[in-house]
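Good morning, colleagues. I should like to take you through one structure today, moving from the overall layout to a pair of packed helices and then to two loop positions.

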Amino acid sequence: MSLEILIVADPEEAEVGEVEVRLLARPRPEDDPIEDSRLFAAGDREEIARCVAEWLDRRRDALGDPERRTCRRCGRIGRAGEEGDSRRPFVCGDCRRRARRTGPTPTGRGDGVEARFLGTANAFGAGGRRHASTFLRARGARFGVLLDAGPGCAAALRADGLSPEDVAVVILSHFHGDHFGGVTFLELDGLRTGRAEPLLVIAPPGARERLDSLRECLYPGFRTPFPEHIVEALPGETTSLPEPAGGGSATPFPADHQPRRWAFGWTVRLGGRRIVYSGDSTLTERILDESDGADLLVHECTSLTPLPGHTSYRDLLAAAPRIRARRTLLVHTGEAVTALPDPEFDLAHDGLRVVV
Ligand SMILES: [Zn+2]
Ligand SMILES: [Zn+2]
């Protein structure tokens with residue numbers, strides 16, 4: 001915990017002989033500070049020291065023990081340095097091991113899947129394209145599955161002759177704005193349509209809080225007007241997809257994107273097909289394994305040359321002989337990538353439709 005004590009003397013109040021003591025405590029570097037301030041008679045060191053000690057004591061709960069971690073799954077208190085400690089929110093090793101022992105993975109009925117690329121740009125909207133979002137629909141299914149929901153995904157659905165009502169499942173890779181900032185607009189659409197169909201959101205730990213605060217920030221007081229089920233999944237934990245979306249399942253695996261927060265890639269089994277999505281990540285051995293024999297690999301390619309937490313075109317070229325998906329399409333592409341005259345890989349673009 002870091003603690004700052006500031007003693008401020010206002011020259012205009014000099015005659016009054018008062019100083020202000022400001023206390024700023026930060027339990028962990030990434031937390032918001034806890035602030036307090038009080039006026040004291042100048043020079044009354046003893047009183048100031050006594051009050052600061054009292055403040056700290058009174059706020060012991062809020063400040064917490066920086067060594068303590070509460071598992072958001074089982075509520076058990078973990079300790080700093082325990083497995084999984086570097087991720088926020090913390091999930092203890094037992095819960096993570098339990099998550100890996102999940103049952104069979106439903107594939108859904110087997111007539112194929114249509115993938116519509118709604119947003120294929122990086123976080124900067126390169127080339128005027130939209131942020132990350134891909135709509136998958138099993139053939140014959142009433143509803144579809146959205147892989148990430150970047151800002152603008154509701155408009156992108158409309159531009160493609162669909163609407164948020166066609167989405168029964170949203171799968172999120174991580175909580176960067178370009179990947180999840182559009183969820184509130186999918187929720188908001190229910191006001192207009194009177195949607196009754198539930199929405200299933202499958203996402204990394206922390207999803208509930210992140211989606212609640214996004215909604216509250218964008219439309220204070222707004223509540224999702226239809227049933228919304230949020231599954232905070234752990235790597236290896238399979239969630240079955242609803243029958244109206246064609247059945248099937250979604251299983252996350254760890255992405256290498258941001259060391260202190262959760263970030264996933266996903267294997268989606270739908271319409272008898274296996275689709276692997278990298279989310280934002282470097283090109284990992286795990287993605288190569290997951291996508292071996294997959295019907296479609298949707299992989300990010302942010303830049304031409306290596307960039308921390310992302311995959312570059314050069315990385316993909318180096319790994320090309322080991323990419324064994326039946327079809328690979330690159331997304332999250334920056335301008336330098338889309339400007340390549342004759343790329344070795346297929347690049348997805350907004351509005352692209354493929355059937356696998
Ligand atoms: Zn991104
Ligand atoms: Zn990201």
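Before I speak of domains, a definition: the domain bounds used here come from an automatic or database domain assignment. Please also keep in mind throughout that this is a predicted model.

On that assignment, the protein is divided into domain 1, residues 2-63, domain 2, residues 68-98, and domain 3, residues 102-355. Between domain 2 and domain 3, the C-alpha centres are 26 Å apart. Domain 2 contributes 8 residues to the contact, and domain 3 contributes 7 residues. On the side of domain 2 that touches domain 3, the residues divide by class into 3 nonpolar, 1 polar and 4 charged.

Let me add the general figures. The protein has 356 residues, of which 37% count as buried. Its secondary structure amounts to 10 helices and 19 strands. The C-alpha trace spans about 80 × 50 × 45 Å along its principal axes. If we take the contacts with a separation of 6 or more, 60% of them are accounted for by residues 24 or more positions apart.

I turn now to the helix pair. Two packed helices are described by the angle between their axes and by the distance between those axes. The pair in question is H6, residues 183-193, and H7; their axes come within 9 Å and cross at roughly 70°. An angle of 65 to 115 degrees counts as roughly perpendicular, and H6 and H7 are therefore roughly perpendicular to each other. The crossing of H6 past H7 is right-handed.

Which residues make this contact? From H6 they are Val183, Thr184 and Glu187, and from H7 they are Leu211, Leu214, Arg215 and Leu218. By class, the residues of this contact comprise 4 nonpolar, 1 polar and 2 charged.

H6 deserves a further word. Its buried residues are Val183, Thr184, Leu186, Glu187 and Gly190. The elements covering these buried residues include helix H4 (153-159), helix H5 (177-180) and H7, together with strands E9 (167-171), E10 (199-203) and E11. Just after H6, Gly194 adopts a positive phi of about 65°.

That brings me to the first loop position, Pro225. Pro225 sits in the loop between helix H7 (207-218) and strand E11 (228-232). Is Pro225 buried or partly exposed? A residue needs 20 or more C-beta neighbours within 10 Å to count as buried, and 12 or fewer to count as exposed. Pro225 has 16 inside that distance, so Pro225 counts as partly exposed. Beyond its neighbours within four places in sequence, Pro225 is in contact with Gly190 and Leu191. By contrast with those contacts, consider His332: it is 107 residues from Pro225 along the chain, and the two C-alpha atoms are separated by 31 Å.

The second position is Ala123, in the loop between strand E6 (113-119) and strand E7 (133-138). With 17 C-beta neighbours inside 10 Å, Ala123 likewise counts as partly exposed. Leaving out residues up to four places away in sequence, Ala123 touches His176 and Asp178. How far apart are Ala123 and Pro106 in space? The C-alpha to C-alpha distance is 33 Å, while in sequence Ala123 and Pro106 are 17 residues apart.

To close, I would return to Gly190: Gly190 is among the buried residues of H6, and Pro225 of the loop after H7 is in contact with Gly190. Thank you.

Notes. Residues are numbered from 1 along each chain as its sequence is written. Chains are lettered from A and ligands numbered from 1 in the order in which they are written. This is a predicted model: local features need pLDDT of at least 70, side-chain atom pairs count only at pLDDT 80 or more; totals for chains, interfaces and linings use all residues. Helices (H or I, at least four residues) and strands (E, at least two) are DSSP runs, numbered from the N terminus. Two residues are in contact if their C-beta atoms, placed from the backbone, lie within 7 Å. Ala, Val, Leu, Ile, Met, Phe, Trp, Tyr, Cys and Pro count as nonpolar, Asp, Glu, Lys and Arg as charged, and the others, Gly among them, as polar. Axes are lines fitted to C-alpha atoms, for helices over the stretch in contact, and angles run from 0 to 180 degrees between N-to-C directions. Angles under 35 degrees count as roughly parallel, over 145 as roughly antiparallel, 65 to 115 as roughly perpendicular and the rest as oblique. A crossing is left-handed if the near helix is turned anticlockwise from the far one by less than a right angle, and right-handed if clockwise.
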